Protein chains: 2
Amino acid sequence: MPASITIALDAMGGDFGAAVVVPGAAIALERRPDVRFLLYGDENVIAPLLAKHPALRAASEIRHTDVFVRMDDKPSQALRAGRYKSSMWQAIEAVKNGEARAAVSAGNTGALMAMAMFCLKTMAPVDRPAIAGIWPTLRGESIVLDIGATIGADARQLVNLAVMGAALARAVFDIEQPTVGLLNVGVEEIKGNEAVKEAGRILRESASEQFAYHGFVEGDDLGKGTVDVVVTEGFAGNIALKAAEGTARQVSAYLRSAIERSLMARIGYLFARGAFRALREKLDPRRSNGGIFLGLNGIVIKSHGGTDAFGFAAAVELAYDMSRFGLIDRIRDSVTQTRPIAAPALSESDGIV
Amino acid sequence: MPASITIALDAMGGDFGAAVVVPGAAIALERRPDVRFLLYGDENVIAPLLAKHPALRAASEIRHTDVFVRMDDKPSQALRAGRYKSSMWQAIEAVKNGEARAAVSAGNTGALMAMAMFCLKTMAPVDRPAIAGIWPTLRGESIVLDIGATIGADARQLVNLAVMGAALARAVFDIEQPTVGLLNVGVEEIKGNEAVKEAGRILRESASEQFAYHGFVEGDDLGKGTVDVVVTEGFAGNIALKAAEGTARQVSAYLRSAIERSLMARIGYLFARGAFRALREKLDPRRSNGGIFLGLNGIVIKSHGGTDAFGFAAAVELAYDMSRFGLIDRIRDSVTQTRPIAAPALSESDGIV
């Protein structure tokens, strides 16, 4: 049996804190029996919840903290008040120390990214981390990045996102040479803003063994799965992600209301309920919960703040699988081989969302 | 009976040209019997198609042109080769001359916008037109702009989009004081890029009788219909639109495949087929075909280039309805009353997509 894999959890993060984190960890433990947890947060809150899950209690250790980051703290506030002593910081620090292989938090994205950068540092020569999501498509799954770590990106930063995203796709999907597309408003070379056009030119001209550059893709290529990796800056990426999630909910609501409107349709629903259950599962956003922080010297996964135990478990399993695959080493190898363009210096505009 | 309304059609625009434009116009004529058409393009192509639709032929006049704009022409090429003499230009010019109340083209967006700006000029004090779309939501419909006229926008331009979008909503939805939201990556005031934050500050502080500023909205608020008007710059707006369209198709494909997988589900489908038909109609992107060019001294509607006759008819009906409502005058009144922020000068970055 392989050695167990330890994951550090920020037990106080998210809209519901430990009330979701603890049962979420319990679900993950059922599916990944060799996972072990370090639970950071208020022992008085965590311990009673853990008492309801004996198997999880046996696989977990509580690390008490008095401080935790609020969902509306600005990154600078969170760093000032929570560095070294908050549950979020200590979960990340456990990765740095080697006590844990990955950290998971449902806490505030900006604070988590700021702390992760401060504690783990970016992987040279990457100057700016990204958040990657796994996007369900008609052909399977794609990696989409950046979905909200930073706003705006110049050509060099877009190229680095392509390198990191391809490295992630190689590791997670086990593809030798993933295809990479740049998200744009059209597929012709004259379309888009200067950063996207220039990044397209660089990627076209610089052949890489690590990935195959496909060209520009448009918003509807996301769901089609036209490429393995879709690269965009965080503003458009975050809006695309939420527009897609919203549309999926909208279509489901239309379907429900169409069926409720007639008796015949309701009878039809009874026959087809297995199919509707399959559809509901397919569309369940909890299944693809978990934003992957890329470009850091360690694995940090951001769970959606409003998810439930089932969704949090998906984020934990993602952290587990990435640890098991040795993702950080594989990304470092890829990134080093592709030699992304080094940064001149961090610019003022590199704000964290 | 009110006087008829004349619409100028670029009969050569789109992936299929007159083969879609002519039957599309015939469908629109059935639903709007007092519409009249000026059909611009190659008479040798248009006349035989028109011969199959006697009612349309009686309501139309062909205006022969030798030149037409290609789908992949750059705006500058299109202007050089097609100004004054192309079917696209002449359809727009008919609006300027007062021969037609609106122009519709399925041709290339960049060329159409360039020609429309050159021929009709922007409505003072608007310096930069936008493309607005009508977005189906769970609550009805919203206006979303810009969906691809221009890339990038500063705070002043975003505020002007809010003013124009609100004017359109007042005219089309007949709402006294539409709600307006700024599309962003979060709803907190600290979120987003500088342009969005600054535009939010301006809109919060400058009360208007023309609309009620709601605050920031996120990608999933589009489908919810949280506000009547969603404002964003064209890059993110275009990507959000196509991501949503792609997701709707993706969910439909999942549903179809879930139902085909079992006999019981297929039996259920037979009972519920009325509901499925209603859903299909609801999701049909042809129904909301038609991008509205806003901020010009005249009505120009861009039809999707790949649509069929049914979709083109929807764009024609949109042009008709906007003419019937006296939209341009109503928008001019709104825009003048709200006094949008005048432009210093057109900047280099104001490129057309």
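A residue counts as buried under 20% relative accessible area, as exposed over 50%, and as partly exposed in between. The exercises below concern a predicted model.

**Exercise 1.** Determine whether A:Phe271 and B:Phe271 are buried, exposed or partly exposed.

*Solution.* The relative accessible area of A:Phe271 is 30%. For B:Phe271 the value is 30%. Each value lies between the cut-offs of 20% and 50%, so A:Phe271 is partly exposed and B:Phe271 is partly exposed.

**Exercise 2.** Classify the ring pair formed by A:Phe271 and B:Phe271, and state what it joins.

*Solution.* Over all chains, the structure holds eight aromatic pairs. In the pair of A:Phe271 and B:Phe271, the ring centres are 5.6 Å apart and the planes meet at 5 degrees. Pairing requires centres within 6.5 Å, and stacking requires planes under 30 degrees apart; the pair is therefore stacked. A:Phe271 belongs to helix α11 (residues 263-271) of chain A, and B:Phe271 to helix α11 (residues 263-271) of chain B, so the pair joins two chains.

**Exercise 3.** Identify which residues of helix α4 of chain B are buried, and establish how they are arranged and what they pack against.

*Solution.* Helix α4 of chain B spans residues 75-82, and its buried residues are B:Pro75, B:Ala78, B:Leu79 and B:Gly82. Viewed down the axis of α4(B), these buried residues fall within an arc of 100 degrees, so they line one face of the helix. Their packing partners are α5 (87-97) and α6 (109-120) of chain B. Just after α4(B), B:Tyr84 adopts a positive phi of about 70 degrees.

**Exercise 4.** State where B:Arg83 lies relative to B:Phe118.

*Solution.* B:Arg83 lies over the face of B:Phe118, at 4.2 Å from the ring centre.

Key. Residues are numbered from 1 along each chain as its sequence is written. Chains are lettered from A and ligands numbered from 1 in the order in which they are written. This is a predicted model: local features need pLDDT of at least 70, side-chain atom pairs count only at pLDDT 80 or more; totals for chains, interfaces and linings use all residues. Side-chain values use heavy atoms; hydrogens and water are left out. Rings of Phe, Tyr and Trp (its six-membered ring) pair if their centres lie within 6.5 Å; planes under 30 degrees apart count as stacked, over 60 as edge-to-face and the rest as tilted. Helices (H or I, at least four residues) and strands (E, at least two) are DSSP runs, numbered from the N terminus. Buried means under 20% relative accessible area, exposed over 50%, partly exposed in between (1.4 Å probe, protein chains only). A charge sits over a ring if NZ of Lys or CZ of Arg is within 6 Å of the ring centre and within 35 degrees of the ring normal. The arc is that of the directions from the helix axis to the C-beta atoms. Contact means heavy atoms within 4.5 Å.
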